[in-house]
Amino acid sequence: SGRRQKLGIRTVKVRPRSMRRSIRASGHIAWDESRMHDVTARVDGWVEALRTRRTGDVVRRGETLLRFYSPDLLATQRELLAATPSSRLANVARERLRLWGMGPGAIKEMLRQGTPQRRVAIASPQAGVVLEKHVHQGAHVRTGALVFRIVDPSSVWVLVDVFERDVAHVTVGQSTKVEVPGVLERPIESKVAYVYPSVQVTAQSARV
């Protein structure tokens, strides 16, 4: 017994037990990249009526973000009005308006009225929150410029940094518990959705 005590040997009864490994790691809540949508200018022009004025504004799908004046849009509308319906020229003008961001409903209403619209409405492609706003009233924007970035906040990511030594034990589909102190009363049951393929050298961790 003395030798066992010096060696630190202890004995227990053999019994079946699950071999589970628990990993605890810190992380942060982030926007779901797959739910982000950029609104860009498809043609040069000027912002004449800015409806969404602040970052953080909540918008609905199809809601007008701004009204836009573009000489090219105006000239193409006149081409469509002057062309014979269903002609090649009319089809080309209609397609150009559509590619420049003028919706089918707006084109149909313009044809019904018989007059070109000086200001064309740019609508939100999805419901969500304005994450970034890069224009102001009266601003001139060029083709390809980012105007708004909108994100749907109904689903978010939790990005966790797992130490390199533990990464091999993390796989897609594993159950997790997410704790947010001071915000959530109890942990949220979740699952691992994605394990990033590279390790951050300086932190010696991988993102999950």
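In the predicted model, the largest nonpolar core (buried Ala, Val, Leu, Ile, Met, Phe, Trp, Tyr and Cys residues joined through side-chain atoms within 4.5 Å; buried meaning under 20% relative accessible area with a 1.4 Å probe, protein chains only) comprises 26 residues, of which Leu66, Phe68, Leu80, Leu97, Val135 and Phe148 touch the most other members. Two or more residues each come from strands E3 (45-50), E5 (64-69), E6 (119-123) and E9 (146-151) and from helices H2 (71-82), H3 (88-99) and H4 (104-113); helices (H or I, at least four residues) and strands (E, at least two) are DSSP runs numbered from the N terminus. Another core, of 5 residues, lies apart and includes Val160, Val162, Val170 and Val192. Residues are numbered from 1 along each chain as its sequence is written. Local features need pLDDT of at least 70 and side-chain atom pairs pLDDT 80 or more, whereas totals for chains, interfaces and linings use all residues, and side-chain values use heavy atoms, without hydrogens and water.

Beyond four places in sequence, Val135 contacts (heavy atoms within 4.5 Å) Val47, Leu50, Leu66, Val141, Val147 and Phe148. Val47 is the bridge partner of Phe68 in E5, and E3 and E5 pair in the antiparallel sense over 4 bridges, pairing requiring at least two DSSP bridges. An open antiparallel sheet of 4 strands has the order E6-E5-E3-E8. E6 and E8 (140-141) each have a single partner strand, so one side of each lacks a neighbour in the sheet.

Gln126 is located in the loop between E6 and strand E7 (128-133). At 16% relative accessibility, Gln126 counts as buried. Residues touched by Gln126, beyond four places in sequence, include Arg35, His37, Arg61 and Ile150.

How values were computed
Buried < 20%, exposed > 50% of the residue type's maximum accessible area, 1.4 Å probe, protein only.
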